[in-house]
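Take a walk through this protein chain, one helix and one ring at a time. Keep the structure open as you read.

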Amino acid sequence: MTIFNDIQRSIAPELKQLNESISASLVTSNELMNGIVENYLKTKGKQIRPILVILSAKLFGGNNANTISGAAAVEMLHNASLIHDDVVDDSDIRRGIPTINSVWDNRISVLIGDYFVASALRHAVKTADIRIVETISDIGQTLSLGEINQIEKARNHTFSENAYLEIISQKTASLFEACVKIGAYSVNAPEEEIRLLVEFARLFGLCFQIRDDIFDYFDSDAIGKPTGNDLREGKVTLPLLYALSRKDHPRHDEMMELINRENLDTDSINTLIEFAKDCGGIDYAYNYMVSLREKAALIMDRLPHSPEKKRFMEMFDFIIARKN
């Protein structure tokens, strides 16, 4: 993670301001709320999304108070979505530690998530930039729609690469697009260059989710969730989708019958995972990420010269190579 650590160090003052702002905004008069939030913030993750906000502002000449407020809004909305996702998915573990809903209950977890959403909006309003406020409100809708689309497609057994890309565009890439918009808006970057950066972020987000989905096919304590968890939740991701697209494979019909079952047991999940690996699904997913990276590099070449251009491509390489 050396490259990523270098990026963090390059914006250490901004990240310090970010985390101080988030912590201060979440202090309440309720001891239960404070205790849960304080414990939750101890494992804040890599903060890739607010880092993109900051890098986007710096790409166009600097950063300011609006950059930090926008970055805080994005990070808090992202965490709200994770807290709510844990309730929807009935997850017990997040980032290797027990989820709020597993320690307390769904009522507490939903309310904590709602409080994060409200706090995100307050940070957005602090910028007094209607573009940033609209971006935060729009992304809240898009993330919810992406979750509903995923549930609908799982129930209807819609297994296609296009459907998968549509879902991850909404559930993942859209938030990265919002990050670069907010960073660019905070320093009033030119609209045409913002559009280019948004397309870069879309490709970045697709790559991020594909890499995240590959983790589900391997055992690793670093991931913080069991192997095959996506299939348990009805999510069919790119490696398996590629394998299922190989209609000439002698086990194709058998695997299609298996994937269309309402509930998959552990043996069935393991069978599907091994089928994806044997059919080259993992290699296909890696090659897809590389193609996304190549397209992203061409976009970055069209943006104005800045030291941050290198940082963006380093972030892309980190996403492909990351181990958790």
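A residue counts as buried when its relative accessible area is under 20%, as exposed when that area is over 50%, and as partly exposed in between. With that scale, take Ala128. Its relative accessible area is 73%, so Ala128 is exposed. Bear in mind throughout that this is a predicted model.

Where does Ala128 lie? It is found in the loop between α7 and α8. Ala128 is not a glycine, yet its phi is positive, at about 55°. This turn of the backbone comes just after α7. So the next stop is that helix.

Helix α7 covers residues 106–126. Check its length first. It has 21 residues, and at 1.5 Å a residue they should span 30 Å. The C-alpha atoms at its two ends are 30 Å apart, so expectation and model agree.

Now look at which side faces in. The buried residues of α7 are Ile108, Ser109, Ile112, Gly113, Phe116, Ser119, Ala120, His123 and Ala124. Look down the helix axis, and these buried residues fall within an arc of 155°. They therefore line one face of the helix. The face turned away from that buried side carries Arg107, Leu111, Arg122 and Val125, which are exposed.

What do the buried residues of α7 pack against? Their partners are α2 (12–25), α3 (31–41), α5 (65–88), α6 (100–103) and α8 (130–155). One more detail sits at the start of α7. There, a side-chain oxygen of Asp105 comes to within 3.1 Å of the backbone nitrogen of Arg107.

Next, the aromatic rings. A search of the whole structure finds ten aromatic pairs. Take Phe200 and Phe312. Their ring centres are 5.6 Å apart and their planes meet at 85°. Planes over 60 degrees apart count as edge-to-face, so this pair is edge-to-face. The two residues come from distant parts of the chain, 112 residues apart. Phe200 belongs to helix α10 (residues 191–215), and Phe312 to helix α16 (residues 307–321). Are these residues buried or exposed? Phe200 has 1% relative accessibility, so Phe200 counts as buried. Phe312 has a relative accessible area of 0%, so Phe312 is buried too.

Compare a second pair, Tyr242 and Tyr284. Their ring centres lie 4.4 Å apart, with the planes at 10°. Planes under 30 degrees apart count as stacked, so this pair is stacked. It also links distant parts of the chain. Tyr242 is in helix α12 (residues 238–244) and Tyr284 is in helix α15 (residues 281–301), 42 residues apart. Tyr242 has a relative accessible area of 25%, so Tyr242 is partly exposed. Tyr284, at 24%, counts as partly exposed as well.

Return to the phenylalanines. Which residues join Phe200 and Phe312 in one aromatic cluster? They are Phe176, Phe204, Phe208 and Phe316. Phe208 has charged company. Arg49 lies over the face of its ring, 5.1 Å from the centre. The charged end of Arg322 also sits over the Phe208 ring, 4.2 Å from its centre.

Another cluster member, Phe204, is in helix α10. Its relative accessible area is 1%, so Phe204 is buried. What does Phe204 touch? Leaving out residues up to four places away in sequence, it touches Ile48, Leu52, Phe176, Met315, Phe316 and Ile319. Phe204 and Lys295 are 91 residues apart along the chain, and their C-alpha atoms are separated by 9.9 Å.

End around helix α9 (residues 161–186), where Ser186 lies. Ser186 has 6% relative accessibility, so Ser186 counts as buried. Beyond its neighbours within four places in sequence, Ser186 is in contact with Ala57, Asn64, Asn66, Thr67 and Ile132. Then comes Asn188, in the loop between α9 and α10. Its relative accessible area is 57%, so Asn188 is exposed. The phi of Asn188 is near 55°, a positive value in a residue other than glycine. Recall Ala128, with its own positive phi of about 55°.

Methods. Residues are numbered from 1 along each chain as its sequence is written. This is a predicted model: local features need pLDDT of at least 70, side-chain atom pairs count only at pLDDT 80 or more; totals for chains, interfaces and linings use all residues. Side-chain values use heavy atoms; hydrogens and water are left out. Helices (H or I, at least four residues) and strands (E, at least two) are DSSP runs, numbered from the N terminus. The expected span of a helix is 1.5 Å times one less than its number of residues. Buried means under 20% relative accessible area, exposed over 50%, partly exposed in between (1.4 Å probe, protein chains only). The arc is that of the directions from the helix axis to the C-beta atoms. Contact means heavy atoms within 4.5 Å. A polar contact is a pair of N or O atoms within 3.5 Å; within protein, one must be able to donate a hydrogen and the other to accept it, and residues adjacent in sequence count only if both atoms are side-chain atoms. Rings of Phe, Tyr and Trp (its six-membered ring) pair if their centres lie within 6.5 Å; planes under 30 degrees apart count as stacked, over 60 as edge-to-face and the rest as tilted. A charge sits over a ring if NZ of Lys or CZ of Arg is within 6 Å of the ring centre and within 35 degrees of the ring normal.
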